[in-house]
Structure formats: structure tokens, C-alpha cells
Protein chains: 2
Amino acid sequence: MLTSQRKALILDRLRRDGQVIAKALADDLSLSEDTIRRDLREMAAEKLLKRVHGGALPLSPDLPDFSARQAVSSEEKRRLGAFAAGMIKSGQTAFLDGGTTNAEIARRLPKDLAVTIVTHSPTITGELEHHPVAEVILIGGKLYKHSMVATGAAAMAAIASIRADIFFLGVTAIHPAHGFSTGDFEEAAIKRHIAQCSAETYVLATAEKLDAASPCQILPIKGVSGLIVPSDIPEERLAPYRNAGVPIFLA
Amino acid sequence: MLTSQRKALILDRLRRDGQVIAKALADDLSLSEDTIRRDLREMAAEKLLKRVHGGALPLSPDLPDFSARQAVSSEEKRRLGAFAAGMIKSGQTAFLDGGTTNAEIARRLPKDLAVTIVTHSPTITGELEHHPVAEVILIGGKLYKHSMVATGAAAMAAIASIRADIFFLGVTAIHPAHGFSTGDFEEAAIKRHIAQCSAETYVLATAEKLDAASPCQILPIKGVSGLIVPSDIPEERLAPYRNAGVPIFLA
DNA sequence: CATATTCGTGCAAATTCCTGCAGGAAGCAG
DNA sequence: CTGCTTCCTGCAGGAATTTGCACGAATATG
């Protein structure tokens, strides 16, 4: 990765998140923290950002409350996203479902990872616009505006021509008995189809989705390869899922 | 391989990938890095690209800064967008090409207009996310990151199944003799294909696009149904286009 | 105050860049 | 055909840049 690209990326992330953390940046870019710190120092000298202990902040904090809220509110999802991104190996093909949690995977995708990302969500493609090496395949179809994903026969056909190594499924509810579910029948069918076309399927779930059910089941609990949850969920809430036979990963 | 071919290829790859790495280029073309570097040096002198340590970048990398892009679009593009949006009748199917000007059409689309919007640009779909009644069809395919549109065989096939009443074509340059052109061969082919699948094709053009030419022609001047330009362009600049036989609309 | 990060600097290794030069191919005049 | 010029290409080697590591200083946290 080129130095100037790296600096542009830092600025980009600064605008988006309202902050950058040196260590996280080094992890994502697979570089030493020293290099990142050097960049931050130089950019601070160019008046492009403000250097602070641990990272950097935008020079003119536009809407400081907004960026602060952004920074704290999605901490849980960010951890899930980073964990999931780490599961994707170089050269693989990953299918990303729509939703804010999966958008976080796209954001946390290491910038030097040469992978193929398939998605039926235009929102996800936006997150990958500035990824230096990832190839992005967009599945087309009739757009469901509510969740901003392509659906319908055209989408089903396009998905059938894809064979993904790993699929990150987005759901609205998870229940030990009722499995993974969502609110729309058509969407559930699409998601099920994607899972069938993928070697492995994983679900990212924040705490509030557990022990809930939505009208349309996508898959039973045992129908996925694993469930990824925040590490601070108490073990007793996870027990029913472990008993149902799904591997659980703590992020 | 001829030097000029090589340089054209470098520009092409720059447009496609948003970056060029000297070493990788030398490997791919089986040439010494010195030769590549010499090319890059010369092209930088010709203001065709920006030289950076390790390779080169496009001269004006797409400004991810939303406010900056918004500022560029400004008054002129808004007028064009509103005029074009007014040409779409209730019940019709309109195909919107990518680009900031066409995004303006999507933004200006009357909220009570029940139409079907087809596009291969995920950016455009984002503009339509909150439209109450418009049905949105997304064309999928391999994503070209620099212009954020779906391309390739899958996109071509999906387009072939669509029959649009009106197509708003985005171009980078317009010339009386060389017609409508853009910088990428693949993109030009896609745009031409969409035009063939549409009953009418219109081009929105701000002043700076007139009397310029890019490498790849999409259509000749007479190949479109009309050209929509800002009303403050002097008549003498429009005369060559009128003579070429294309109807002109002032917005 | 103690501990753990984070920071800055010096330094060495690796990579990339530039300059000058030589060999070879293409074009051209004699 | 020969000799000349011109252009392109690769190579050598020295300069410049970048990167990671080590170690002591500075800063945050409890």
C-alpha cells in the first residue's frame, strides 16, 4: 500500500468516525504502530489533523457530539465486525448480507487483504469504495428500500451463480427454538438461498437480538456454522444456544 | 510492446484500480522497473498522473469529501437535474447512469411520482432510499470502484432484460465530431448497451464538458435523443451541436 | 504511586529512486 | 549494404525514502 493512499485513508476514517486510534489503524493496515505514528506526526505538521495521545482527531471537529456518539454507540458492533473481518482469508470470496453490523465488517476489512466481496446491499458497496484491493461483486435486483438490499428473481438467479467461501448473515432475531428470523418473507428466502450457496455461514449478533423471534425463519440454529457474539454476554444467556449445537465465538 | 500502448495501459489501470504500483506493473509487463518509472516520470510531467513513492495515483482522486462534491454540483447541476426529473412521466421506467449529475436527478425526483428507476450505480440507489413511491431496480455486476458502477458480463445481461422509456447518460466529454465519450472502454460499452435498451437517451452536460473528448466514444452526437445544457451557455458554443443534428434543451 | 500504554529518537535493513552508461533495434542518408 | 543517428531498454551503484525494532521518556489509569 502506498504512503499517500494510507494518509488519504486516515483522513477518510477521521471524517467518518471522528477519531482514529493508532493501534487499531496499525492492525487494519498490517503495519507497525511506528509507521502509523510517523504518518500522524507528519499529517499533524501539515495541519491535516490534531495529534492526541493514542491517536488523532479532526482539526475542526464538525458536530462534535455526533462524532462522539458515533464513537461510543457502535463499540459493540465494531468489535463484532473486526472479529468477522479477521475470519476472511486472503483470496477467499465472502458474501456480506445487508445491515449495519455487516457494514462494520466491510469497514474493518484489512486494507491489504485481497479478497472478493459479494453483496446485494448497495450500502455495503459504499463502505468498500475506497478499499485498495478488494474486488466487489454487486448482486442486482428489485430494491427493498426498507433494508436496502436487492431481492426478487433476478437477485436469486445472480446469487445462484456465486459460490462464496463464507457468508455473514444478518438477522433481526435469534431464538433457541425458532432459530434465526427476520421480518420479511422475501428477504428470508433470499438469505436462505445465499446460505445454500456458501460453504460456511456465520451470524453476528448483539445482545438485544438474542432470545427474540421475528415472523419469518431463515434457518434453524443448527443451520449455521457459527454464532459470533460480544464477549461480555453472560454465559447463562449463551447456554441454550450451545445446547442447540451451534459453535459460539466471543468477539 | 510500444511505449504509447504501455502508457495507455497505465492510465487504464489507474482508472480501474485507483492506483499503480511500479513493481507490480514491471512484473506484469515483464519489463524492468526502470522503464516503468521512466514512464511514470514522463506521465507525471504531462500531468496525467501523480507520482508517489512506490507507484502513482490518479491526478484528482475522487474527492470522498461529501461537502466538496456537493459544492461542485452546485447550482448548475441542480438545475439540470430538476429539468431532467421533470421529463420523467408517471408510470415510466427511467434508467439513471452513474455520476454526480445523475445523482442530482434522483434527488430532484418529485416525491409523489410513481416511476421505476433502473440504475447500475449503488450511489444512485442511496439517493432514492427515502423516496416514498419510486420502485428501484439495481443492476448488479463487478463493481468499478472509481466510478462506482456495476460492469461486466453480468451487468450486460441484466441490462438486456430491461426496457427503459428514458435513459439519462452520463459522459465525461462531448465533442461535435467525436460525440459523447468517457475514459474507460468497458464503461463506454455498458453505456452504449443501455442506450440500445432504452427508447430515448438524453445527456446532461455542464459547460466544462462541451468541446472536449475522452479516449472512448460512447455514441455519436446524433445517437441520442437530446442534449440538456444550462441556459446560460452562449448560443455560438451550441451551434456546432445543433448543426450536428441533436435537439438541445436549455435548463 | 505503580503499572501499562503510548511516544519519540536513533539506527539498521529493505525498498525505491535517480543518474549515467552501454547494447540493441529502427529509421534514414549515402 | 554500410554507417550514422535516434530511441528504447536494462543494468550498475549511489542517494533518498520507508519501515520496523529497541530503548528510554512521557502520559494515562487505577
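**View 1. Strand β11 of chain B meets β13(B).** In this predicted model, β11 (residues 179-182) of chain B runs antiparallel to β13(B), and three bridges join the two. F180(B) has L219(B) as its bridge partner in β13(B). Strands (E, at least two residues) and helices (H or I, at least four) are DSSP runs, numbered from the N terminus; two strands pair if DSSP finds at least two bridges between them.

**View 2. The sheet in chain B and its helix.** Here is an open, antiparallel sheet of three strands, in the order β10-β11-β13. Its edge strands, each pairing on one side only, are β10 (173-175) and β13 (216-219). Neighbouring strands are turned by 40° against each other on average, direction ignored. Helix α8 (residues 185-196) of chain B packs on the sheet, touching β11 and β13 of chain B (contact: heavy atoms within 4.5 Å). The direction of α8 makes about 5° with that of β13(B) (axes are lines fitted to C-alpha atoms, for helices over the stretch in contact; angles run from 0 to 180 degrees between N-to-C directions).

**View 3. The surroundings of DNA strand D.** Look for the 17 residues around DNA strand D (a heavy atom within 4 Å), the closest being R6(A), T35(A), R38(A), R6(B) and T35(B). A side-chain N or O atom of R38(A) is 2.7 Å from a base nitrogen, and a polar side-chain atom of R38(B) lies 2.9 Å from a base nitrogen. R6(B) places a side-chain N or O atom 2.7 Å from a phosphate oxygen.

**Notes.** Residues are numbered from 1 along each chain as its sequence is written, and chains are lettered from A and ligands numbered from 1 in the order written. Local features need pLDDT of at least 70, side-chain atom pairs count only at pLDDT 80 or more, and totals for chains, interfaces and linings use all residues, while side-chain values use heavy atoms, leaving out hydrogens and water.

Notes
A polar contact is a pair of N or O atoms within 3.5 Å; within protein, one must be able to donate a hydrogen and the other to accept it, and residues adjacent in sequence count only if both atoms are side-chain atoms.
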